[in-house]
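The following exercises are to be worked with the sequence and the three-dimensional structure at hand. Each task is followed by a solution in steps.

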Number of protein chains: 2
Amino acid sequence: MPLKPSNSIPDIVIGRLPLYLRALTHLRQEGRDVTSSHELGEKLGISSAQIRKDLSHFGGFGKQGTGYQIDFLIDRLRKVMQVNQEWRVAVVGAGHLGSAISRYRGFRDRGFRIAWVFDADPAKIGTKIDDFIVQDVANMQDIIRSNKVQIAMIAVPAEQAQQVANLLVEAGVRAILNYAPININVPPHVMVQYIDPVVHLQHMTYYLLSDE
Amino acid sequence: MPLKPSNSIPDIVIGRLPLYLRALTHLRQEGRDVTSSHELGEKLGISSAQIRKDLSHFGGFGKQGTGYQIDFLIDRLRKVMQVNQEWRVAVVGAGHLGSAISRYRGFRDRGFRIAWVFDADPAKIGTKIDDFIVQDVANMQDIIRSNKVQIAMIAVPAEQAQQVANLLVEAGVRAILNYAPININVPPHVMVQYIDPVVHLQHMTYYLLSDE
DNA sequence: AACTGTGAAGTTTTTCACAGCC
DNA sequence: GGCTGTGAAAAACTTCACAGTT
């Protein structure tokens, strides 16, 4: 996933930062001002030592004897992850899933704004999803290029995912979140992450007692 | 995540099995009969040695000099993960996301069938989503208990996720896939996995060049 | 010649445990 | 007394490299 194979901070650490940020945001919503590595760890099912070690990569954010100032830590983590700005995101696919993603209100306050929704289906192009008008995929590369869009989400059927990814990469997209249940190939300078609920379900059924 | 903290096969290995199964299924769809650890690894961005080692935990599935018989390996992996049966799954939340999940056709041939959709909103209860009628959450525990439902997906707002999880656990659910962007607490015999697109996006923005 | 399965080696990640500070 | 930050130790995970099989 990492753009550089390694600068110095392990990618597995970077992957936990969003979880820390999410938990901290909830604590703040509950009106809390200060927390500890122990409390955070409890909430997340991660050891307190690991949380301290992870955070220490970015500087001494805590105070001995006291813990971590929540506002301060949120602010720092946001800067580290560069979500103290708003990233404009393109969604490809305006089916049930693409529509649900586009309508989801939870991106905005965490650093992302869905700014365009594309589809190839003439029946969908021009229709409205909340505020957006579904755009023709034929115009996608122009729009991505002229707006310097770096992030896209793929919500098309598996058969079309690779083809869509190719277009996105060619237009300059650097980070792809793929909801289609298929691995896609991209050049090394492009990151891909996957969301496939079935992968999680199958992981869990391994441990379940059979139904039959 | 694992039900038993450890039987002997590392959980990280179990987590990769669904990816192998998914890639194998695609290969078969392309008409292929045989593959190798090297080819699978290429597709998945995983080393061939790792794939061989992972698979070797479950027995010798391959043939030296030849590789892996795709049908055979699919069959074995399905059995290992217990997805050679159909698990009935409950969805809680019939908003945009819950509806999109419930309508998604991709569960069926991978071992899962959405069998019930619940919501608390009187405006939604009784409405149809494809074949289902949205059920009242008030009846959820009875339905889960009498049908011995072991798996549920949570697609409600973050504020209600814990409360829903409590009901599910109390009714006997053993595996939860939580789409709400919040950590939930469950007893140790219950597994939880999370789907939060923002976590993936924030992971990637760490490596991007700032937009501004 | 091609490929698996696997001990051994190497690397990464996590935990321990404690000095230092509030 | 409570908590962080961190070297050192331990554990987990991945890769190497090759014997053995087809």
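**Exercise 1. The surroundings of DNA strand D**

How many residues surround DNA strand D, and which are the closest? Describe the surface that they form, bearing in mind that the model is predicted.

Solution.

Step 1. DNA strand D is surrounded by 24 residues. The closest are A:Ser37, A:Arg52 and A:Gly65 of chain A, with B:Ser47 and B:Gln64 of chain B.

Step 2. Sort the residues by class: the surface near DNA strand D holds 13 polar, six charged and five nonpolar residues.

Step 3. Assign them to secondary structure. At least two residues each come from helix H3 (48-56), strand S2 (62-63) and strand S3 (67-69) of chain A, and from helix H1 (11-29) and helix H3 (48-56) of chain B. The greatest share is that of H3(B), with four residues.

Step 4. Turn to the DNA side. Among the atoms of DNA strand D within 4 Å of the protein, sugar or phosphate supplies 56%, and bases supply the rest.

Step 5. Examine individual polar contacts. The side chain of B:Ser47 places an N or O atom 2.8 Å from a phosphate oxygen of DNA strand D. Bases are reached as well: a polar backbone atom of A:Gly65 is 3.0 Å from a base nitrogen of this strand, and an N or O atom in the side chain of B:Arg52 is 3.3 Å from a base nitrogen.

**Exercise 2. The surroundings of DNA strand C**

Which residues come nearest to DNA strand C, and which elements give two or more residues to the surface near it?

Solution.

Step 1. Of 25 residues around DNA strand C, the nearest are A:Ser47, A:Gln64, B:Ser37, B:Arg52 and B:Tyr68. Of the atoms of this strand that come within 4 Å of the protein, 59% belong to sugar and phosphate.

Step 2. Inspect the polar contacts made by chain A. A:Gln50 has a side-chain N or O atom 2.9 Å from a phosphate oxygen of DNA strand C. A backbone N or O atom of A:Gln64 is 2.9 Å from a sugar or linking oxygen. In the side chain of A:Arg52, an N or O atom is 3.3 Å from a base nitrogen.

Step 3. Name the elements: H1 and H3 of chain A, together with H3, strand S2 (62-63) and strand S3 (67-69) of chain B, give two or more residues each. H3(A) gives the most, with four residues.

Step 4. By class, this surface comprises 14 polar, six charged and five nonpolar residues.

**Exercise 3. An arginine in helix H1**

Is A:Arg16 buried or exposed, and which residues beyond its sequence neighbours does it contact?

Solution.

Step 1. A:Arg16 belongs to helix H1 (residues 11-29) of chain A.

Step 2. Its relative accessible area is 14%; because this is under 20%, A:Arg16 counts as buried.

Step 3. With neighbours within four places in sequence left aside, A:Arg16 is in contact with A:Ile46, A:Gln50 and A:Asp54.

**Exercise 4. A helix pair in chain A**

At what angle do the axes of H6(A) and H7(A) cross, and which residues make the contact?

Solution.

Step 1. The axes of helix H6 (residues 140-147) and helix H7 (residues 158-171) of chain A come within 9 Å and cross at roughly 35°. The crossing is right-handed.

Step 2. H6(A) contributes A:Met140, A:Gln141, A:Ile144 and A:Arg145 to the contact, and H7(A) contributes A:Leu167, A:Leu168, A:Glu170 and A:Ala171.

Step 3. These residues comprise five nonpolar, one polar and two charged.

**Exercise 5. Two residues with positive phi**

Where do A:Lys148 and B:Gln82 lie, and is each buried or exposed?

Solution.

Step 1. Most residues other than glycine have a negative phi. Phi of A:Lys148, however, is near 50°, and phi of B:Gln82 is near 60°.

Step 2. A:Lys148 lies in the loop between H6 and strand S9 (151-154) of chain A. B:Gln82 lies in the loop between helix H4 (70-80) and strand S4 (87-92) of chain B.

Step 3. A:Lys148 is exposed, at 63% relative accessible area, whereas B:Gln82 is buried, at 14%.

Definitions and conventions. Residues numbered from 1 in each chain as written. Chains lettered and ligands numbered in written order. Predicted model: local features only at pLDDT ≥ 70, side-chain atom pairs only at ≥ 80, totals over all residues. Heavy atoms only, no water. Near = heavy atom within 4 Å. Polar contact = N/O pair within 3.5 Å; in protein donor to acceptor, adjacent residues only side chain to side chain. Nonpolar A, V, L, I, M, F, W, Y, C, P; charged D, E, K, R; others polar. Buried < 20%, exposed > 50% of the residue type's maximum accessible area, 1.4 Å probe, protein only. Contact = heavy atoms within 4.5 Å. Axes fitted to C-alpha atoms, helices over the stretch in contact; angles between N-to-C directions. Left-handed = near helix turned anticlockwise from the far one by under 90°.
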